[in-house]
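Got your viewer open? Load the complex, keep the selection box handy, and follow along stop by stop.

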Amino acid sequence: MPSTPPPVDDVLAALAEQFGDLPSSVFRGQTRVVVPESSSHEVLSLLKERGFDLLVDISCVDYLDYREPPMEMAACAGHRYGLVYLLASTVTNQRLTIRVFVDDPEPTVQSVVSLWKAANWLEREVWDLFGICFAGHPDLRRLVMPEEFTAHPLRKDYPLQGRGERHNFPVITRHES
Amino acid sequence: MAVSDAGKLQLPENVVVSRLDSLANWCRKNSLWPMPFATACCGIELMATGASKHDLSRFGAEVFRFSPRQCDLMIVAGRVVMKMLPVLQRIWLQMHEPKWCISMGACASTGGVFDTYAVVQGIDRFIPVDMYVPGCPPRPEQLIQAIIDLQDKIQREGTITGREFETAGRQARKRALVEIADPLSIDASRNPVLQRELAAGSGSPAGRS
């Protein structure tokens, strides 16, 4: 894989043809496109068809109380959660980042498990830590936190030291063990 | 053996008089079988302690066993997260009496730098601990010192029958392996942090501020 991936102009043109002008920006040779939540599944389907056969990662950022967003990130202003889809093509070596912004009270986005099997656990992790609901996910359970856990700990309004979950265990004394 | 004129006991060479309690404790302290509960970098120092340079077998404690049924010294080396604590407690309950516990390193003893929602802030909140070893991670010499200190403690505490380790309730529980209660059923009454959260009314879930 070269350090700077090949340009994705052809992909951007195809996206513009079908979905109109989507805000995009380039950082160190890597292109990112902001897609509205309503058409995210269609856009990702199209990209899959155009050869982005590898879903590298799905991640999320909580922009609660975020400072003034930089110019190329203007699309995130006013939104709370920014989903990040990292796509790659194993044929052309092209890489593309898709951003989808969702908001409270029920942040929801279409699941892409039907497109990439790899999305299954990635979406479960984002659900676990950020509470983003993936509509259509076949098995949306917690991935890393215990099943009984009730919060989504990577949200910025979740206290760093938790809400007492780490102290909520039976105490075994010397006498009873 | 004879009694001399002054009423003093005359012993032949190579004969030592002691109490059977001391003899039992002497056996216990010099045949510790550690249970290595190594979850982080302290585990590496634990391995170094057992390896040839520091040679824990000089103190009779080199037989690491990975079954709690065969161990009598649990060495908790590393941070314990809230998902791991029920496992730790279960292994501790499975170990036979007499048993001891060493909390090795800053994380096992206090949570260390990991003051976050997922990390237990000291295992002594939930299981009994005999020796704490400071350090991040402690050097093997420090762990050896803790084992020597624990040996002194063992020498002072037991009896030959071991009845102080042997209550009927304990043994019944161990045979039946009674499961500990559901670890995460939130119980505000024994949870000061949760009570403070509820009192402050900040327990509500997400929302833009």
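What covers the buried residues of α2(A)? Keep that question in mind while you get your bearings.

**Stop 1: the whole thing**

What you have loaded is a predicted model. The predictor assigns the complex an ipTM of 0.78 together with a pTM of 0.77.

**Stop 2: chain A overall**

Hide everything but chain A and switch to cartoon. You should find three helices and seven strands. Trace them from the N terminus and the order reads α-β-β-α-β-β-β-β-α-β. Draw a box along the principal axes and the C-alpha atoms fill roughly 70 × 35 × 30 Å. Chain A has 177 residues, and 32% of them count as buried. Now for a contact map: taking contacts between residues at least 6 apart in sequence, 59% join residues at least 24 apart.

**Stop 3: helix α2 of chain A**

Select residues 40-49 of chain A, which is helix α2. Show side chains for Ser40(A), Leu44(A) and Leu47(A), the buried residues of this helix. Look down the axis: these residues sit on the same side of α2(A), because they cover an arc of only 60° around it.

Back to the opening question. Colour α1 (9-19), β2 (30-35), β4 (81-88), β5 (95-102) and β6 (108-110) of chain A; the cover over the buried residues of α2(A) includes these elements.

Before leaving, click on Gly51(A), which follows α2(A) and has a positive phi, near 110°.

**Stop 4: Leu143 in chain B**

Over to chain B. Select residues 140-157, helix α5, and pick out Leu143(B) within that helix. Is Leu143(B) buried or exposed? It's buried, because 29 other C-beta atoms lie within 10 Å, where 20 or more is enough to qualify.

Which residues is Leu143(B) in contact with, once neighbours within four places in sequence are left aside? Select Glu45(B), Leu46(B), Thr49(B), Met104(B), Val133(B) and Pro138(B) to see them. Put a distance label on one of those pairs: Leu143(B) and Leu46(B) are 97 residues apart in sequence, yet their C-alpha atoms are 7.8 Å apart in space.

**Stop 5: confidence along chain B**

Last, colour chain B by pLDDT. The mean is 82, with 78% of the residues at 70 or more. Then zoom to residues 203-209 of chain B, where the pLDDT is below 50. Even so, beyond near neighbours in sequence, this stretch has 13 contacts in the model.

Terms used:
Residues numbered from 1 in each chain as written. Chains lettered and ligands numbered in written order. Predicted model: local features only at pLDDT ≥ 70, side-chain atom pairs only at ≥ 80, totals over all residues. pLDDT = per-residue confidence, 0-100. Contact = placed C-beta atoms within 7 Å. Buried ≥ 20, exposed ≤ 12 C-beta atoms within 10 Å, placed from the backbone. Helix = DSSP H or I, 4+ residues; strand = E, 2+ residues; numbered from the N terminus. Arc of directions from axis to C-beta.
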